[in-house]
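Grab a pencil and have the viewer open. Here are a few exercises to work through, each with its solution underneath.

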Amino acid sequence: MFDLEQRFLSTERIELSSLHFIIYHSHPHSSSNISLKTSKWTQNKGMYQVIEGIISPVNDNYGKKELAAAKHRVAMVRLALQTSSWIRVDQWESEQKEWIETVKVLRHHYSELLRKEATNSNAGSEIPTEDIATPAYTAAPELKLLCGADILKTFQTPNLWKDEHIQEIVEKFGLVCVSRAGHDFQQYISESAILTHYQHNIHLVKNVVQSDLSATYVRQALYQGQSVKYLIPDSVISYIKDHDLYREERK
Amino acid sequence: MYQVIEGIISPVNDNYGKKELAAAKHRVAMVRLALQTSSWIRVDQWESEQKEWIETVKVLRHHYSELLRKEATNSNAGSEIPTEDIATPAYTAAPELKLLCGADILKTFQTPNLWKDEHIQEIVEKFGLVCVSRAGHDFQQYISESAILTHYQHNIHLVKNVVQSDLSATYVRQALYQGQSVKYLIPDSVISYIKDHDLYREERK
């Protein structure tokens, strides 16, 4: 999940000037999702101000065997985000009784976002952010799914996503896709009628630093007793050691 | 088989003349911060404190003689060099000091007048190289293109990077010059240091 952090950061660097919302969602078969809440400048520059990033670890009932228990994944993400000024971990998805489809997680966070805005408006204060230069804005906030370009490809997998969900994600929310080696963003879009239709709402962010670090690699290294120092934060390495995670089960 | 005892990061002397580098004292401090939680790698200031830039082979010779000196001291005191990794309490083989570098260094051996031939020979013959693979560099080709490297290839070890990344110090400096964040690329402690000391920023006119 930490390579996602890196990509996310490069997203912030590159896209802030050209604007859009950024939301992140990892491959459905990995351990965490990220969403980002932003709000749009009213001057119609097409510019976005990034307000918040949300990492939402997937529910245990998703069934991916090599994942640690949700409480641990939430704790590890929290440790990794300790020094972040704008990204936070959210446990809602992981605390539900069953696995929740991505679009429902987006709907939940969006309604939470609106609810907080309404509360703040009533109290007469703006949503606090260090980045907003103009104190007041009137455009509705937007929540986008930030993900690797490989997610676009999974839209093609039969029976993996419901068509109406794909439509809602790209139409009502929007995607920000971080380039990933071996994945052709344009091709995935052109191979799908829905994606082609809503391509104006699908933004590609180029990773300035290419790396093939993945959560899968880190778990495998740990299973083989190899060091992952400098790949993930020291605080997370300590947590993994203290809680005996990602180790062979003793027979 | 080798037992890894120690790693030494030796920041280059300011007189090397690479313009975009911060002053040696800062580079030493940043490496020290980055290595705070390492159990076996340390930063060494000797090279950076010399009056002039020092050729690589001389830095190797210095550290090797220091290594031997410490071993002699420890032997006289009757204790082994402490290490958490040695399974056998006593060993008699001479310690070895190798140059760890990116595979791109092998390529630079071909650049005319960059390295002295006798230095290349001493490095690969008396010390040895451990080269970490780097995207876009063909290790085997560099060896085969050089008679010296081919002759001593038994003393040149390639280590495959399990995680390929094109992150480089040059990239990080450029990002900082452009006012971009480098969070998650380098440790938070080093980012704070860079900010506190106003490093890698455009000079104000």
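The exercises below go from the chain contact to single side chains, and the model they use is a predicted one.

**Exercise 1. Describe the contact of chain B with chain A: how many residues take part, and what area is buried?**

Step 1: start with the head count. Chain B brings 19 residues to the contact and chain A brings 20 residues.

Step 2: turn to the area. About 1600 Å² is buried between chain B and chain A, with carbon and sulfur atoms giving 54% of it. By class, the side of chain B that touches chain A is made up of 10 nonpolar, 6 polar and 3 charged residues.

Step 3: look for pairings across the interface. You'll find 0 salt bridges between chain B and chain A, but there are 5 residue pairs in polar contact, both partners at pLDDT 80 or more.

**Exercise 2. Find A:Arg73 and work out whether it is buried or exposed, then list polar partners of its side chain.**

Step 1: place the residue. A:Arg73 sits in helix H2 of chain A, which spans residues 70-80.

Step 2: check the accessibility. The relative accessible area of A:Arg73 is 1%, so it is buried, the cut-off being under 20%.

Step 3: look at the partners. The side chain of A:Asp60 makes a polar contact with that of A:Arg73 at 2.9 Å. A polar atom of the A:Arg73 side chain also lies 2.8 Å from the backbone oxygen of A:Val58.

**Exercise 3. Take helix H9 of chain B and say which of its residues are buried and what they pack against.**

Step 1: pick out the buried residues. In H9(B), residues 188-196, these are B:Val190, B:Tyr193 and B:Ile194.

Step 2: ask how they're arranged. They cover an arc of only 100° around the axis, so they lie on the same side of H9(B).

Step 3: look at both sides. The buried residues of H9(B) pack against helix H1 (24-34) and helix H8 (169-177) of chain B. B:Lys195 and B:Asp196 are exposed on the other side of H9(B).

Step 4: follow the chain onwards. After H9(B) comes B:Asp198, with a positive phi near 55°.

**Exercise 4. Compare the settings of two salt bridges in chain B: B:Arg61 with B:Glu122, and B:Arg69 with B:Glu66.**

Step 1: recall the idea behind the pairing. Side chains of opposite charge can pair when their charged atoms come close.

Step 2: take B:Arg61 and B:Glu122, whose side chains meet in a salt bridge at 2.8 Å, N to O. B:Arg61 lies in helix H3 (residues 56-76) and B:Glu122 in helix H5 (residues 117-127) of chain B, so this pair ties together parts that are 61 residues apart in sequence. B:Arg61 is partly exposed at 36% relative accessibility, while B:Glu122 is buried at 15%.

Step 3: now take B:Arg69 and B:Glu66, whose side chains form a salt bridge at 2.8 Å, N to O. Both residues lie in helix H3 of chain B, 3 residues apart, or about one turn of the helix. B:Arg69 is partly exposed, with a relative accessible area of 46%, and B:Glu66 is partly exposed at 24%.

**Exercise 5. Which residues of chain A are linked in a network of salt bridges?**

Step 1: find the members. A:Glu52, A:Arg88 and A:Asp90 are linked in such a network.

Step 2: put the network in context. Over all chains, the structure holds 21 salt bridges.

Notes: Residues are numbered from 1 along each chain as its sequence is written. Chains are lettered from A and ligands numbered from 1 in the order in which they are written. This is a predicted model: local features need pLDDT of at least 70, side-chain atom pairs count only at pLDDT 80 or more; totals for chains, interfaces and linings use all residues. Side-chain values use heavy atoms; hydrogens and water are left out. Contact means heavy atoms within 4.5 Å. Buried area is the accessible area (1.4 Å probe) that two parts lose on being put together, summed over both. A salt bridge is a side-chain nitrogen of Lys or Arg within 4 Å of a carboxyl oxygen of Asp or Glu. A polar contact is a pair of N or O atoms within 3.5 Å; within protein, one must be able to donate a hydrogen and the other to accept it, and residues adjacent in sequence count only if both atoms are side-chain atoms. Ala, Val, Leu, Ile, Met, Phe, Trp, Tyr, Cys and Pro count as nonpolar, Asp, Glu, Lys and Arg as charged, and the others, Gly among them, as polar. Helices (H or I, at least four residues) and strands (E, at least two) are DSSP runs, numbered from the N terminus. Buried means under 20% relative accessible area, exposed over 50%, partly exposed in between (1.4 Å probe, protein chains only). The arc is that of the directions from the helix axis to the C-beta atoms.
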